[in-house]
Amino acid sequence: MGKAYIVGVGMTKFEKPESRDWQYWDMAKEAGTKALDDAGISYEDVEQVPVGYCFQASTAGQRATYELGLTGVPVYNVNNNCATGSSALMLARQFVEGGISDCVLALGFEKMQRGALGGGADGGDFKTSPVARHYGIMAAKHGFEMSPPTAQIFGDAAREHMEQYGTTAAQLAAVGAKNHRHSVNNPYAQFQDAYTVDEILAAKTIHAPLTKLQCSPTSDGAAAAVVVSERFVERHDLDDKAVEIAAQAMTTDTGESFASGSCIDVVGQPMSRAAAARVYEASGLGIEDVDVIELHDCFSINELLTYEALGMCGPGESGKLIEDGATTYGGRWVVNPSGGLISKGHPLGATGIAQAAELTWQLRGEAGARQVADARVALAHNIGLGGAAVVTMLRRS
């Protein structure tokens with residue numbers, strides 16, 4: 001297996017749906033052009049293009065990439081719920097590491113509707129939904145309320161965590177406060193306002209204990225990454241741009257996701273734990289080596305669950321970790337310097353690649369006011385119900 005490097009990244013500003021007059025191909029062109037320009041190459045250099053999205057029709061990936069050029073390259077349309085972007089990035093890495101291609105463009109975009117997501121990306125009924133089994137576990141233990149389904153299943157996971165470990169509403173709100181505070185310095189973020197813990201607790205309740213400021217919004221936007229081989233780096237003199245994908249793993253649900261009947265397991269903590277373990281083994285790096293993390297904080301509870309899955313703390317200790325300031329500037333790690341999904345926004349197909357873009361900027365020292373000092377190793381975590389978890393280790397030599 002060869003090595004794979006990210007040498008160019010780009011993204012649009014994430015926007016509230018319907019707030020800007022653009023189509024998905026417009027946002028894809030903007031993000032893709034930025035990534036190609038960042039790498040200093042042209043679209044003619046690209047050999048394959050995996051494209052992630054959830055809400056557009058089949059072959060929308062082609063419609064989007066045609067704005068970059070009509071070169072006839074293979075385009076793959078990827079849909080993996082909220083893990084769609086990182087799934088496209090994983091395909092790009094596999095093409096390169098396997099020696100199939102020297103230069104691949106991973107692209108992700110979404111044009112969404114306002115309002116909460118339904119039970120899955122398609123918003124379909126629960127009888128035929130791919131996540132019906134997940135929501136059945138939730139309903140069996142907690143019943144079914146009239147709150148938005150995705151907020152409900154994660155909110156019920158939060159209730160379990162509070163009951164089992166004594167996690168407090170203030171600790172959950174502290175996740176939102178941290179990520180909103182971080183987003184103030186991110187011009188790509190959908191929201192750039194800071195809030196106190198008290199303000200977050202006082203916001204509208206979506207599904208107790210989660211308030212609006214602890215929930216990721218629906219968003220429009222796109223992100224792109226150019227993934228290349230080592231010989232492409234050398235041939236094009238891209239050492240100053242190159243960030244190595246040291247290891248990457250995807251896991252899907254196993255029996256552990258459903259056996260306990262717990263929403264903590266149903267929303268993906270076992271998947272995240274398994275993917276992280278594989279990445280640590282493959283890269284020879286552990287969580288103790290990581291400086292900066294972009295993780296899937298679709299709701300504040302999922303950030304806490306992911307701390308535990310990544311080995312940043314023991315089971316039930318994540319509330320104390322956020323409370324102690326261990327995951328912000330001046331702490332042990334900086335988590336979601338971009339503002340995370342909660343504040344940066346969450347266009348499903350773009351999210352995983354936008355995480356990689358942020359971490360690439362961090363490892364190059366190009367993140368401006370949100371720069372993490374001396375960052376050399378970074379980790380991305382992207383998860384989707386249904387389910388898929390992708391963990392990626394990046395490093396700068």
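This report describes a nonpolar core, one helix with its packing partners, and two buried residues in a predicted model.

## Basis of the model

The model is predicted: local features need pLDDT of at least 70, side-chain atom pairs count only at pLDDT 80 or more, and totals for chains, interfaces and linings use all residues. Residues are numbered from 1 along each chain as its sequence is written, and side-chain values use heavy atoms, with hydrogens and water left out.

Helices (H or I, at least four residues) and strands (E, at least two) are DSSP runs, numbered from the N terminus.

## The largest nonpolar core

A nonpolar core is a set of buried Ala, Val, Leu, Ile, Met, Phe, Trp, Tyr and Cys residues joined through side-chain atoms within 4.5 Å. Buried means under 20% relative accessible area, exposed over 50%, and partly exposed in between (1.4 Å probe, protein chains only). The largest such core here has 52 residues, and I153, F154, I293, Y307, L310, M312 and M393 have the most contacts inside it. Helix 5 (residues 149-165) gives the largest share of this core, five residues.

In soluble globular proteins, nonpolar side chains tend to be buried together.

## Helix 5 and its partners

Helix 5 packs with helix 12 (residues 300-309) at an angle of about 60°, and their axes are 9 Å apart. Helix 5 is therefore oblique to helix 12. Axes are lines fitted to C-alpha atoms, for helices over the stretch in contact, and angles run from 0 to 180 degrees between N-to-C directions. Angles under 35 degrees count as roughly parallel, over 145 as roughly antiparallel, 65 to 115 as roughly perpendicular and the rest as oblique. Contact means heavy atoms within 4.5 Å; F154, A157, A158 and H161 of helix 5 meet I301, N302, L305 and E308 of helix 12.

Helix 4 (residues 132-142) packs with helix 5 at about 50°, with the axes 11 Å apart. Helix 4 is thus oblique to helix 5. On the helix 4 side the contact includes H134 and Y135, and on the helix 5 side it includes I153 and D156.

## Two buried residues

G155 lies in helix 5 and counts as buried because its relative accessibility is 0%. Not counting residues up to four places away in sequence, G155 touches H207, A208, P209 and L210.

T328 lies in the loop between helix 13 (318-323) and strand 10 (334-335). T328 counts as buried because its relative accessibility is 13%. Leaving aside neighbours within four places in sequence, T328 is in contact with K178, R181, H182, W333 and V334.
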